[in-house]
Amino acid sequence: MTSTSPISTSPLTEPAGGARRYDEFLPLEEDDVFLADAVSEAELPALLAALALVNADPGLLVDEVTPPIPPMDSTIAPQGGLSAEAQQHARRLAVGALARFRDRGSVPVGEPGPELLATIMRFLTKGAGEEYLPLLRHELGLPHDYGAPTWRKDAIAPTVPFTVAIIGAGISGMAAAYRLQQAGVEHIVFEKNAEVGGTWWENIYPGCRLDTPNFAYSYSFAQKPDWPQQFSRQQQIEDYLCDVATGFGLRPRIRFGTEVTEARYDDHDQMWTLTTRTGDGTSSRHRVNAVVTAVGQLNLPNIPDIPGRDSFGGRWFHSSRWDPTVDLTGLRVAVVGTGASAYQIAPSIADHVAHLSVFQRNAPWMLPTPGYHRDIPPGMQWLLRHVPYYGRWYRFWQFWLAAEGRLPFVEADPEWTRDDSTSANNAELRRQLLEHLRAQVGDRPDLLEKMTPRYPPGAKRMTRDNGVWAATLKMPHVDLVTDGIDAVTPEGIRTSDGTLHEVDLIVYATGFRASDYLEPIVVTGREGQDLHEFWNGDARAHLGVTVTGFPNLFMLMGPNTGVVVNGSSLFMAECAAEYTVECIGELLRSRKKVMEPSRQAMDEFCAEVDRGNERRAWGVATVSTWYRNRYGRASQVWPFSLQEYYRRTREPDLAALRLSGELEGAR
Ligand code: NAP
């Protein structure tokens, strides 16, 4: 069957209440004593910012409570580094401002004007980093949604037929769908799973949760103020994504249980044909003008080809294919790997199993995060529900802290000769992280030896540490095995020292085939070119979005757009989605049918990114990591600041893009 008709007759406009879905606040009626209690648990810089806005009172933001520019350190200072005295002052000011807001009936003073917003932004950033303000404003989303297209199709090309297919309804596909909906561009989303969420729908292993703060890891257009934790659990994120899909009207255009197996470009009419397959084996074809891939970078399980793997007599599965029906009670369990997934799984199951063996090849660097599992205190939660835009300012604050993040710590100095670090800053980070490790396992020299990474910090992803990993490895029934795995036998895992570790269940927390980007979809571009043959295991794209020879193919979370130590992948996906929608706007305005980057522009971009990655710890260290492909090229990650990607993705790069063909439809 070939389908070209829209899948939904629901209007391509924002649903009522959609954009401001999470901006409903409760009236503030409590007395000053209650307010003081709540404020004692608040993050103060963002609270003062929110109160200055709702009371239109920049006088609140006095020098004494202005947060200092955060020092470069492995941990972020609480309360923006305000002294105890400054915090006390800030709390007094906040309680007074809250009381004034309450006494005025909990009604903000008018719409926030640009001058007041700018003053508040300067307060939080101490006037530094002016170049970051556009990005920060986008993430704050006040007074409006800055990521929304400034055009609508019915205004610029009302009679031109144009349909977009999005592959995947995870975080990036949903961002693209919403932006296309805002622009009024017809689209259809194919999702192989039964629900939205992508990685957050698939990864249900015990302990699965965020390792990026949640106020920053959420959509700029759907800022939810009532997260129960800073680093929420899988279910809460999945619930949020389901709620966004419903509340923002995305569901009518999503075809669930539908996997795209092939995307083929037709040179003759410059259209794409997608082949899809549903669970019952039905195959369909769909003709569209443009394809947006939103399949994520980390979705193909890497299951190591260990000799004897399939001879194992017990159960085994990959971390991302966790079987929730398995009762762990009394089982002897092996967890292979010590990356971010294993790091969350092992502490969560240790109490339930009879024995746990954790197989480590390279120790992870652990980033001190004392509050990693903590709930947001009740006082702060209450304030987030009662003070308009407190959550937004808190998000702004988190983006400011992450704007550069720990990038300076992971610089690679070409003159640096040690191989346990890559620069003076990196050596300093190493020192701080080792201190953190020693504080936890200094009493166990055997563990200290095994848990000390031999490679520079930042060469691989660091894990968030609140002490539970070391506490787990110290348990009497838990072993950290560092001898290499030789084979899997029917009884368990045999290591290079000849030991057979007998187990009932093996969990392969061995990561993903990130560099097999877009597999197993067959993608055929101009002149019959196969995308995977073209890349040959070395995925490349201009801005991580467009590829030479593949007109109107737009990728989200594409090559070189993963972030390592600054910000979140969700931010990068939103930027790429907005860029894609602006590219489509350019086609509609110019009545051109397709666009693709010139080979020169794509190569120059990749060379620039390569040079950037070579100045980062992950670019020069030789330790294994999903950031690099089989050629050793860091094809997965972005080496520069968030601001740099934001700046480059605001509008189509017309110097790089070649537009051709004519769109149908009268002007
Ligand atoms: P990963 O970081 O790639 O870690 C895989 C682990 O398996 C590593 O310890 C690796 O050892 C080990 N391994 C791989 N092949 C092996 C083999 N043949 N024998 C023994 N060990 C082997 O994978 P992941 O933990 O699933 O995490 C992947 C990424 O997903 C993360 O970097 C992060 O971006 C994301 N993630 C995020 C969260 C979150 O909290 N938001 C949670 C989970 C994952 P080596 O170190 O020696 O290669």
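How many Å separate the centres of domain 1 and domain 3, taken over C-alpha atoms? The answer is 40 Å.

## Model and domains

This is a predicted model. The chain is divided into three parts: domain 1 (17-146 + 378-404), domain 2 (159-196 + 250-300 + 514-662) and domain 3 (309-365 + 418-508). Each domain is thus listed with segments that are split along the chain. Domain 1 has a segment at 17-146 and another at 378-404. Domain 3 is written as 309-365 and 418-508. Domain 2 takes in 159-196, 250-300 and 514-662.

## The ligand site

There are 24 residues around the ligand. Arg209, Ser341, Asn362, Lys460 and Ser624 come nearest. By class, the shell holds nine nonpolar, ten polar and five charged residues.

Where does the shell come from? Domain 2 (159-196 + 250-300 + 514-662) and domain 3 (309-365 + 418-508) each supply at least three residues. Among the elements, helix H10 (residues 340-349) gives the largest share, with three residues.

## Polar contacts and burial

Oxygen atoms of the ligand take part in the contacts described here. One lies 2.8 Å from a polar backbone atom of Thr338. With Ser341, the partner is an N or O atom in the side chain, and the distance to a ligand oxygen is 2.7 Å. Ser341 is also one of the residues that come nearest to the ligand. For Arg461, a polar side-chain atom lies 3.4 Å from an oxygen atom of the ligand.

How much of the ligand does the protein bury? Taken alone, the ligand exposes 900 Å². The protein buries 86% of that area.

## The parallel sheet

Five strands form an open sheet with parallel pairing. Their order is E9-E18-E10-E11-E14. Which strands are at the edges? They are strand E9 (315-318) and strand E14 (478-481), and each pairs on one side only. Neighbouring strands of this sheet are turned by 15° against each other on average, direction ignored.

One pairing can be followed residue by residue. Strand E11 (residues 355-359) pairs with E14 in the parallel sense, over four bridges. Within this pairing, Leu356 has Val478 of E14 as its bridge partner.

## The antiparallel sheet

A second open sheet has three strands, in the order E15-E16-E17. Its pairing is antiparallel. The edge strands are E15 and strand E17 (500-502), each pairing on one side only. Here, neighbouring strands are turned by 25° against each other on average, direction ignored.

Strand E15 (residues 485-488) and strand E16 (residues 492-495) pair in the antiparallel sense over three bridges. Ile485 has Thr495 in E16 as its bridge partner. Val488 stands opposite Ile493 in E16. A hairpin of three residues joins E15 to E16.

E16 also pairs with E17, again in the antiparallel sense and over three bridges. Arg494 has Leu500 in E17 as its bridge partner. What kind of phi does Gly498 take in the hairpin of E16 and E17, positive or negative? Gly498 takes a positive phi near 90°, and this hairpin has four residues between the strands.

## Backbone exceptions

Most residues other than glycine have a negative phi, and most peptide bonds are trans. The following sites depart from that pattern.

Two cis bonds precede prolines. The peptide bond from Leu142 to Pro143 is cis, with omega near 0°. Pro143 lies in the loop between helix H5 (133-140) and helix H6 (153-156). The peptide bond from Glu519 to Pro520 is also cis, with omega near 5°. Pro520 is in the loop between strand E18 (505-508) and strand E19 (522-524). E18 is also a member of the five-stranded sheet, where the order places E18 between E9 and E10.

Gln270 is not a glycine, yet has a positive phi of about 55°. Gln270 is found in the loop between strand E5 (258-266) and strand E6 (271-278).

Notes
Residues numbered from 1 in each chain as written. Predicted model: local features only at pLDDT ≥ 70, side-chain atom pairs only at ≥ 80, totals over all residues. Heavy atoms only, no water. Near = heavy atom within 4 Å. Polar contact = N/O pair within 3.5 Å; in protein donor to acceptor, adjacent residues only side chain to side chain. Areas by Shrake-Rupley, 256 points an atom, 1.4 Å probe, with all protein chains shown as cover. Helix = DSSP H or I, 4+ residues; strand = E, 2+ residues; numbered from the N terminus. Nonpolar A, V, L, I, M, F, W, Y, C, P; charged D, E, K, R; others polar. Domains from an automatic or database assignment. Pairing = 2+ DSSP bridges. Axes fitted to C-alpha atoms, helices over the stretch in contact; angles between N-to-C directions.
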